[in-house]
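User: I would like to learn how to read the features of a protein model one at a time. Please give the general idea where there is one, then the case at hand.

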Amino acid sequence: MINLLKVERTERVDQMKIKLSMILDQLKAYRYEYVEGDAGDQLGFSSVRLLKPLEQGYKKEVLYLGSAAVMQQIDSRHLPSQLICLADSSLQFENNKVHNIDLALIHSDCDIDVLLEKIADIISEYHQIYTEMIRRITDNRGLAEIINAMTPILGNPLYVADADFKVLARTDCVLEQPDQWRHIVENGIEDGYISSSVNDFYYMKDLVQKTEHQHEPVFFSGNALYPHSFCTMNLASRNKKMGLVTVFETERPFSIGTKATIEFFSDLLIMEIQKNLTLISNEGVKLGYLFAEILTGNPHSENELRKVVNYVDIAFPEKFFIVVLKSRHDNRNRYELTFLRKKIISLVKNTICIIHQNNIVMLANDSSSRQFSDQGLSEIENWLTDSQMVLGVSDDGSDIKQIRKSYQEALTAIDLGLKSEREDRIFLYDRCRFAHLMDVIANLENSEAFGHPALARLQLYDHKKGANLVETLYCYMKNGRSQAQTAKELHLHRSSLQYRLTKMEEVMGAELDHYQTFLHLQLTYEMLKPI
């Protein structure tokens, strides 16, 4: 993709389109009238030339500059689609006859050749800006750098979000009025997403409706709650929405050329987003895409994964574990999960946390034992109870190849924990590793054939005689064959326990002191008992 961009670099610059309003923005010293044409997106130019009355077929991609005298020699139906005219008192025209062209009337007695050179310089400057932006894209400088380069040209801060309103990058360069931009970021971006949860960001409720089918910038005026106006434009390619760009009027008042300048930059932003959707320059987003790829199970060698991690410049933790938060309700929407994700991020140190397959999945730093201390567990458990969530924790890992395995461990911990019908909210894989082994064996085809038949004989004896030797055997097993501890737990005299152990061996036809026999009985019991 990068090589392709380099090949198309010159072609892209040739396709650059400047609007007349952008030129007028740079001609503030002149008094002018502007009549915007109806052609809309079809307009745009990349060069300027003098208007000649006898020229055959004016080019659509050229801006023409002419005097009032020359303009009046041309039938209004045949005027070029983009025109600047040095007006004087002799010029007379009717607006309804030039509605199909972009027309600016300059009320000045300046020399036309001087004005032509000035306009040519402005166009050349836009060429340089566009070329420099293309270079940043092909050099993989990242979306954040591109946005910071656009900020002083637009005169205001901006951000770019994806189609799900996840903010990919935003202005973070030096501003003249940083407090206003900081206020917008803090109150209008919630956990990395454009937010409608605070009053200051009032526009969110109708933002989608007003911009959904628009292919040009849409202006939103501020009000008492939100004093800053802004301009938003969809970023789309082949009718597929890639995201949106929003520019805020905090530094410099919007001008006649603001919308056209946003359109001018939109193609560049689309190029950057399209370049590689899994490696967007925002570090958190890049790691998020990589993380989701690994969780999904797409095959990657360790070398491939390391290359990507190095490319996105991420400090992969020396120790990590995977945390999965799962809702007890299947109908949790993404906005609820986004809020819950923000909360768990505040409770557990992490490298990345994403919403994946309707669960919240986190790659947590350090070891689970250090992060999940008794005090920390208490706070998390209270929050899980309030939010009706359960949490699975994997074993600790240190190798990037272990992420997928750790993710499966956390899911398994939740699955086994919920099957046990315990009231716990946190399930650690380390505490259910043996239960996982037994669950795997129990689900094998003909798993009953692997069990020791002696246990079945003991169960049959209990059923016929109304005895409880199986219960006694289990207590003896879990107490490590300690007769003293077993007798104490069952409230039996040592001699009574000894009688039961002898009876067990007689009924089962097996010796409990034999290591492999005893182990086989333990595994059989664990395999057959409910989780």
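Analyst: Of the 531 residues in the protein, 47% are buried. The model is a predicted one. Its secondary structure comprises 20 helices and 17 strands. Taking contacts between residues at least 6 apart in sequence, 60% join residues at least 24 apart.

User: How is a sheet read? What is the order of the open sheet that contains strand 1 and strand 5?

Analyst: Start with the strand order, then the edges, then the twist. The order is 1-5-4-3-2, an open sheet of five strands with mixed pairing. Strand 1 (32–35) and strand 2 (47–50) are the edge strands, each pairing on one side only. From one strand to the next the twist averages 20 degrees.

User: Which helix packs on that sheet?

Analyst: Helix 4 does, touching strand 2, strand 3, strand 4 and strand 5 (102–106). The direction of helix 4 makes about 170 degrees with that of strand 2.

User: How many bridges join strand 3 to strand 4, and which residues stand opposite each other?

Analyst: Strand 3 (residues 62–67) and strand 4 (residues 82–86) run parallel and are joined by four bridges. Leu-65 has Ile-84 of strand 4 as its bridge partner, and Gly-66 stands opposite Cys-85. On to the next pair: strand 4 and strand 5 are also parallel, with five bridges. There Cys-85 stands opposite Leu-105 of strand 5.

User: Are the faces of strand 4 covered or uncovered?

Analyst: The general idea is that side chains in a regular strand alternate between the two faces of the sheet. In strand 4, Gln-82, Ile-84 and Leu-86 lie on one side, Leu-83 and Cys-85 lie on the other, and all are buried. Both faces are thus covered, and the count for strand 4 is five buried residues of five.

User: Now helices. How is the length of helix 4 checked?

Analyst: Compare an expected span with the distance between the ends. At 1.5 Å a residue, the 27 residues of helix 4 (residues 112–138) should span 39 Å, and the end C-alpha atoms are 39 Å apart, so the two agree.

User: What caps the N-terminal end of helix 4, and what follows the helix?

Analyst: The cap is Asp-111, which has a side-chain oxygen 2.9 Å from the backbone nitrogen of Asp-113. After helix 4 comes Asn-140, with a positive phi near 55 degrees.

User: Where does helix 8 bend, and is it enclosed or open?

Analyst: A general point on helices first: an α-helix has 3.6 residues a turn, so residues three or four places apart point the same way. Helix 8 bends at Phe-265, by about 30 degrees. The span check still agrees, because the 18 residues of helix 8 (residues 258–275) should cover 26 Å at 1.5 Å a residue and the end C-alpha atoms are 26 Å apart. As for burial, helix 8 is largely enclosed by the rest of the structure, because 15 of its 18 residues are buried.

User: What is the strand order in the sheet that contains strand 14?

Analyst: The order is 14-15-13-16-17, an open sheet of five strands with mixed pairing. Strand 14 (350–356) and strand 17 (426–428) are at the edges with a single partner strand each, so one side of each has no neighbour in the sheet. The twist averages 15 degrees from one strand to the next. Strand 16 and strand 17 are parallel over three bridges, and Val-393 is paired with Leu-428 of strand 17.

User: Which helices lie across strand 16 and strand 17?

Analyst: Helix 14 lies across strand 13 (320–327), strand 14, strand 15 (359–365), strand 16 and strand 17, at about 40 degrees to strand 13. Helix 15 (residues 429–442) lies across strand 16 and strand 17, at about 65 degrees to strand 17.

User: Where is Ser-398 found, and which residues does it contact?

Analyst: Ser-398 is in the loop between strand 16 (389–393) and helix 14 (403–419). Beyond its neighbours within four places in sequence, Ser-398 contacts Glu-318 and Phe-320. Ser-398 and Phe-320 are 78 residues apart along the chain, yet their C-alpha atoms are separated by 6.2 Å. Ser-398 counts as partly exposed because its relative accessible area is 48%, and exposed would need over 50%.

User: Is Arg-341 buried or exposed?

Analyst: Arg-341, in helix 11 (residues 334–347), is buried, with a relative accessible area of 11%. A polar atom of the Arg-341 side chain lies 2.6 Å from the backbone oxygen of Cys-353.

Technical notes
Residues are numbered from 1 along each chain as its sequence is written. This is a predicted model: local features need pLDDT of at least 70, side-chain atom pairs count only at pLDDT 80 or more; totals for chains, interfaces and linings use all residues. Side-chain values use heavy atoms; hydrogens and water are left out. Helices (H or I, at least four residues) and strands (E, at least two) are DSSP runs, numbered from the N terminus. The expected span of a helix is 1.5 Å times one less than its number of residues. A polar contact is a pair of N or O atoms within 3.5 Å; within protein, one must be able to donate a hydrogen and the other to accept it, and residues adjacent in sequence count only if both atoms are side-chain atoms. Buried means under 20% relative accessible area, exposed over 50%, partly exposed in between (1.4 Å probe, protein chains only). Contact means heavy atoms within 4.5 Å. The bend at a residue is the angle between axes fitted to the seven residues ending there and the seven starting there. Two strands pair if DSSP finds at least two bridges between them. Axes are lines fitted to C-alpha atoms, for helices over the stretch in contact, and angles run from 0 to 180 degrees between N-to-C directions.
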